[in-house]
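Work through the exercises below with the sequence and the model at hand. Try each task before reading its solution.

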Protein chains: 2
Amino acid sequence: MDLDYIIHSLKNFEGVTRKRPIRNIVSILNDAYNVSGNTYLGFGDDASAIRIGDGKLLLLAADGIWGRLLESDPYWAGYCSVLVNVNDIAAMGGKPIGMVNVLSINSRETCYSVMEGIRDGAEKFGVPIVGGHVHPDTPYDALDVSIAGIAPEDAIITSCDARPGDRVIIGIDLDGRPHPSFPLNWDTTTHKTPEDVQAQIEIMALIAERGLVTAGKDISNPGTLGTLGMLLEASEVGARVEMESIPRNSSVDWVDWLRMYPGSGFVLTAQEERVAECMELLESVGIEASDAGEIIGERKLYLRSGDEEGVLFDLERERIMGVTEEKSWGRPDVS
Amino acid sequence: MDLDYIIHSLKNFEGVTRKRPIRNIVSILNDAYNVSGNTYLGFGDDASAIRIGDGKLLLLAADGIWGRLLESDPYWAGYCSVLVNVNDIAAMGGKPIGMVNVLSINSRETCYSVMEGIRDGAEKFGVPIVGGHVHPDTPYDALDVSIAGIAPEDAIITSCDARPGDRVIIGIDLDGRPHPSFPLNWDTTTHKTPEDVQAQIEIMALIAERGLVTAGKDISNPGTLGTLGMLLEASEVGARVEMESIPRNSSVDWVDWLRMYPGSGFVLTAQEERVAECMELLESVGIEASDAGEIIGERKLYLRSGDEEGVLFDLERERIMGVTEEKSWGRPDVS
């Protein structure tokens with residue numbers, strides 16, 4: 001196993017590098033994040049959060065589906081638009097409530113396949129698609145979905161509260177297969193019942209409610225360690241991770257595995273005494289979980305494999321999203 | 001005045017005709033509207049509504065910005081993405097809470113202008129833009145925005161409850177000008193203070209709270225009568241409207257005026273005894289309001305001008321959106 005090769009492959013993985021333009025764009029918005037004074041979490045997390053009274057937060061997230069996914073398999077693109085949004089809410093410990101989409105159509109056939117995927121995703125995840133907007137006449141096909149969820153203000157999981165000394169828990173459902181038309185999608189849901197799939201979403205709300213974790217994110221396009229990198233960046237910390245401790249389906253080699261977008265996968269951080277309970281809950285719904293490392297004060301992500309160790313991200317010098325400073329305007333100071 | 005010419009111009013107005021593909025697309029979704037059992041209003045209204053407990057509804061809407069608007073004036077496109085979404089929530093009698101966007105970028109310069117427009121719109125309307133998603137590498141520029149709002153379940157304005165005998169109230173802010181780069185946008189907000197603009201949004205929540213109207217919609221791309229046509233379609237009724245009773249800024253001729261997308265304009269229906277109070281509230285915030293006609297059982301929109309009368313939409317034979325049958329799955333039967 002050549003750790004340098006793995007690190008090089010992950011650093012230059014497009015799922016990570018295409019996050020970089022986000023900061024400049026976000027910086028234009030200034031105080032428009034919080035014009036009402038009720039914003040609890042702005043950009044930089046899986047979902048944003050706004051206080052709506054009664055100790056509740058409204059969670060909002062939006063995701064566009066990669067054009068290449070839409071071209072190569074429009075049904076799967078529609079299905080994934082549900083999956084990625086639901087996971088964004090789950091990662092915050094929220095309950096997904098409903099989705100709306102904007103569909104830009106060039107090909108009518110593509111459009112129908114996309115809508116069938118959305119329908120099946122909504123039924124699988126139990127989250128209604130309640131409205132949207134159609135552009136019937138664009139020169140391209142595109143799909144954007146946004147989702148709303150609800151979470152209690154005192155039990156929300158953010159990306160920005162990992163602290164040195166916390167353990168890094170990685171949980172991934174290993175019961176899956178690479179999707180035939182998109183090999184970096186680790187499909188864990190199409191062959192499962194809605195009940196089993198929804199149990200994996202709901203467990204995160206329970207983990208949040210019990211206060212078991214200090215931070216968390218769902219594993220998405222940047223892969224397991226790219227997602228951890230984003231969490232570390234938001235929390236302004238680093239980590240030391242043991243590669244072989246990351247749950248893996250051994251049918252997939254390490255480089256591909258670490259770039260996978262799993263149907264159900266989370267990177268979490270927790271104080272040591274809560275790790276066991278958190279892992280038990282994840283495993284109770286079929287998410288294989290492991291204690292894969294520790295959070296450190298030095299803002300680097302060290303990856304270890306056997307006797308080798310290398311730096312995957314040096315967050316003092318590089319940035320992934322770079323929006324940490326805006327992350328928590330409306331939040332009370334927490335330490 | 002040639003009424004036939006006006007009717008012909010409005011029937012073939014692209015703002016109306018491009019709504020037509022919506023039904024087929026929506027029909028694919030089947031029961032995916034209501035998989036959770038909490039959907040109160042699905043597609044077919046300005047915003048969808050989902051029960052979240054405590055007698056509250058979560059309102060969700062999504063709008064894509066026309067590509068040609070984005071090309072001709074990206075700053076204005078960004079600003080309008082806020083305006084149209086806020087008006088969707090206002091038209092339901094809701095309080096807008098927050099927005100997220102998906103931005104697909106080809107040109108970086110366009111992108112910055114769009115974000116500046118969004119920022120200024122958020123500040124003007126007092127609704128934060130809290131998150132979103134950026135596609136940094138699309139071959140086109142596109143902008144989709146979605147918004148969430150909250151409304152009490154017992155005071156929501158829908159499109160589908162107009163009844164024969166109701167009066168048709170049309171309210172439009174006449175203090176504006178055609179936007180220089182998009183002459184069918186009647187800009188009523190850029191020269192006003194945030195307080196004045198937000199008062200026009202809030203008045204709709206008060207009208208809803210007092211139960212003054214039976215149905216309502218914000219005037220959008222299909223123009224005043226195209227919007228009324230959509231409301232009639234959703235309510236399965238018709239109307240007889242007196243053209244000269246529609247509030248108009250006389251600097252704009254009738255055909256252009258009736259195709260305008262006003263910064264603040266609503267089509268409402270009300271029982272006769274509530275018309276005066278409703279109009280007073282609208283006028284208290286600078287929205288000129290008039291009783292312009294009546295709702296009839298025959299599913300046609302008759303337009304009258306002086307002694308002439310013609311049929312603008314025959315909703316028994318034509319459809320605008322055609323999604324009325326899905327509109328109210330989760331709602332209790334109301335009459």
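Is Asp54(B) buried or exposed? Asp54(B) is exposed, with a relative accessible area of 58%. Buried means under 20% relative accessible area, exposed over 50%, and partly exposed in between (1.4 Å probe, protein chains only).

The model is predicted: local features need pLDDT of at least 70, side-chain atom pairs count only at pLDDT 80 or more, totals for chains, interfaces and linings use all residues, and side-chain values use heavy atoms, with hydrogens and water left out. Residues are numbered from 1 along each chain as its sequence is written, while chains are lettered from A and ligands numbered from 1 in the order in which they are written.

**Exercise 1. Find the salt bridge of Lys56(A) and place both partners.**

Step 1. Apply the criterion: a side-chain nitrogen of Lys or Arg within 4 Å of a carboxyl oxygen of Asp or Glu.
Step 2. Lys56(A) pairs with Asp54(B) at 3.3 Å, N to O.
Step 3. Lys56(A) sits in strand E3 (residues 56-64) of chain A, and Asp54(B) in the loop between strands E2 (48-51) and E3 (56-64) of chain B, so this pair joins two chains. Helices (H or I, at least four residues) and strands (E, at least two) are DSSP runs, numbered from the N terminus.
Step 4. Check the cover: Lys56(A) is partly exposed at 25% relative accessible area.
Step 5. Put the pair in context: the whole structure holds 30 salt bridges over all chains.

**Exercise 2. Explain what the salt bridge between Arg210(A) and Glu277(A) ties together.**

Step 1. The side chains meet at 2.8 Å, N to O.
Step 2. Arg210(A) is in the loop between helix H7 (194-209) and strand E10 (215-218) of chain A, and Glu277(A) is in helix H10 (residues 275-284), so the pair ties together parts that are 67 residues apart in sequence.
Step 3. Arg210(A) is partly exposed at 43% relative accessibility. Glu277(A) is partly exposed too, at 32%.
Step 4. Consult the record: an unreviewed UniProt entry annotates residues 191-303 of chain A as "domain: PurM-like C-terminal". Such annotations may be inferred rather than shown by experiment; feature names are shortened, and positions follow the numbering used here.
Step 5. Residues 191-303 of chain A are 40% helix and 27% strand, with end C-alpha atoms 33 Å apart.

**Exercise 3. Compare the cover of Arg317(A) and Asp314(A).**

Step 1. The two form a salt bridge, with the closest N and O atoms 3.7 Å apart.
Step 2. Arg317(A) is exposed at 74% relative accessibility.
Step 3. Asp314(A), by contrast, is buried at 12%.

**Exercise 4. Which residues with a positive phi lie in loops of chains A and B?**

Step 1. Recall the rule: most residues other than glycine have a negative phi.
Step 2. Asp54(A) has a phi near 55°. Asp54(A) lies in the loop between strand E2 (48-51) and E3 of chain A and is exposed at 58%.
Step 3. Glu236(B) has a phi near 60°. Its loop runs between helix H8 (223-235) and strand E11 (238-242) of chain B. Glu236(B) is partly exposed at 41%.

**Exercise 5. How far apart are Ala47(B) and Met92(B) in sequence and in space?**

Step 1. In sequence, 45 residues separate Ala47(B) and Met92(B).
Step 2. In space, the distance is 7.2 Å, C-alpha to C-alpha.
Step 3. Ala47(B) is buried, at 1% relative accessible area.
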